[in-house]
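Work through the exercises below with the model open beside you. Try each task before reading its solution.

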Amino acid sequence: MRHIISILLENESGALSRVAGLFSARGYNIESLTVAPTEDATLSRMTLVTRGDEAIIEQITKQLNKLVEVVKLLDLSDGPHIEREMMMIKLKAENGQRDEVLRLVEIFRGKVVDVTDTTFVVELTGKSAKLDAFIKAAQEESVVEVVRSGPLGIARGSKGLKL
């Protein structure tokens, strides 16, 4: 099962390396990893996506909690949460294709962020399935390049990852 683990960790050199090393040493896979500073300059928030059964996820969370840099963590998959991913995709847009690409962008509520004579760069946010559907609808031959952030998540309601 896919799990989104949100981690508050000390904003210091080597913290990311120790988390990645923990996964590597135990043979666990990181599907996606995003790290950014929080409103507190001493802390960063890491969003990590991995897969495993309940026993593996329990082991991962226990091992993460043992790391000195980890202040607090929350498995967002344990409760109601909101997740979004961002994607920038460069599409061929020559002559007759331009109107078709613009219609597709509008249908998926995307935003054209760059235009050249032969390409459009489109920004999309949403669930991973929405972004996958856009890529499929765009037709493989028109896709030049794809960059994705991986999912970010936040718990719904009053539950949150705060000190």
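Five exercises follow, each with a worked solution.

This is a predicted model, where local features need pLDDT of at least 70, side-chain atom pairs count only at pLDDT 80 or more, and totals for chains, interfaces and linings use all residues. Residues are numbered from 1 along each chain as its sequence is written, and side-chain values use heavy atoms, with hydrogens and water left out.

**Exercise 1. The overall layout**

Task: State how many helices and strands the chain has, and give their order.

Solution.
- Step 1. Count the elements. The chain has four helices and nine strands. Both are DSSP runs, numbered from the N terminus: helices are H or I with at least four residues, strands are E with at least two.
- Step 2. Read them off from the N terminus. The order is β-α-β-β-α-β-β-α-β-β-α-β-β.
- Step 3. Add the dimensions. The C-alpha trace spans about 55 × 35 × 35 Å along its principal axes.
- Step 4. Check burial. Of the 163 residues, 36% count as buried. Buried means under 20% relative accessible area, exposed means over 50%, and partly exposed is in between (1.4 Å probe, protein chains only).
- Step 5. Look at contact range. A contact means heavy atoms within 4.5 Å. Among contacts with a separation of 6 or more, 73% come from residues 24 or more positions apart.

**Exercise 2. Two helices that cross**

Task: Describe how α1 and α2 are oriented, and list the residues that meet.

Solution.
- Step 1. Locate the helices. Helix α1 covers residues 15-26 and helix α2 covers residues 54-66.
- Step 2. Take the axes. They come within 10 Å and cross at roughly 140 degrees. Axes are lines fitted to C-alpha atoms, for helices over the stretch in contact, and angles run from 0 to 180 degrees between N-to-C directions.
- Step 3. Classify the angle. α1 and α2 are therefore oblique to each other. Under 35 degrees counts as roughly parallel, over 145 as roughly antiparallel, 65 to 115 as roughly perpendicular, and the rest as oblique.
- Step 4. Identify the residues. V19, L22, F23 and R26 in α1 meet I60, Q63 and L64 in α2.
- Step 5. Sort them by class. The contact of α1 with α2 has five nonpolar, one polar and one charged residues. Ala, Val, Leu, Ile, Met, Phe, Trp, Tyr, Cys and Pro count as nonpolar, Asp, Glu, Lys and Arg as charged, and the others, Gly among them, as polar.

**Exercise 3. Salt bridges across the sequence**

Task: Find which parts of the chain are tied together by the pair E69 and R18, then examine the bridges of R148.

Solution.
- Step 1. Start with the total. The structure holds eight salt bridges. Each is a side-chain nitrogen of Lys or Arg within 4 Å of a carboxyl oxygen of Asp or Glu.
- Step 2. Take E69 and R18. Their side chains meet in a salt bridge at 2.4 Å, N to O. E69 lies in the loop between α2 and β4 (70-75) and R18 in helix α1, so the pair ties together parts that are 51 residues apart in sequence.
- Step 3. Compare exposure. E69 is buried at 7%. R18 is partly exposed at 35%.
- Step 4. Turn to R148. Its side chain meets that of E85 in a salt bridge at 2.7 Å, N to O. E85 is in strand β5 (residues 81-92) and R148 in strand β8 (residues 143-148), so this pair joins parts 63 residues apart in sequence.
- Step 5. Add the D132 bridge. D132 and R148 also meet at 2.7 Å, N to O. D132 sits in helix α4 (residues 128-138), 16 residues from R148.

**Exercise 4. Two environments**

Task: Decide whether T47 and P80 are buried or exposed, and list what each touches.

Solution.
- Step 1. Place T47. It lies in strand β3 (residues 43-51) and is buried at 4%.
- Step 2. List its contacts. Beyond four places in sequence, T47 contacts I4, I5, S32, L33, T34, P151, L152 and G153.
- Step 3. Place P80. It is in the loop between β4 and β5 and is exposed at 59%.
- Step 4. List its contacts. Not counting residues up to four places away in sequence, P80 touches A155 and R156.

**Exercise 5. Positive phi**

Task: Say where R109 and Q139 lie, and give their phi angles.

Solution.
- Step 1. Recall the background. Most residues other than glycine have a negative phi.
- Step 2. Take R109. Its phi is positive, about 55 degrees. R109 lies in the loop between α3 (97-107) and β6 (111-115) and is exposed at 73%.
- Step 3. Take Q139. Its phi is positive, about 70 degrees. Q139 lies in the loop between α4 and β8 and is partly exposed at 38%.
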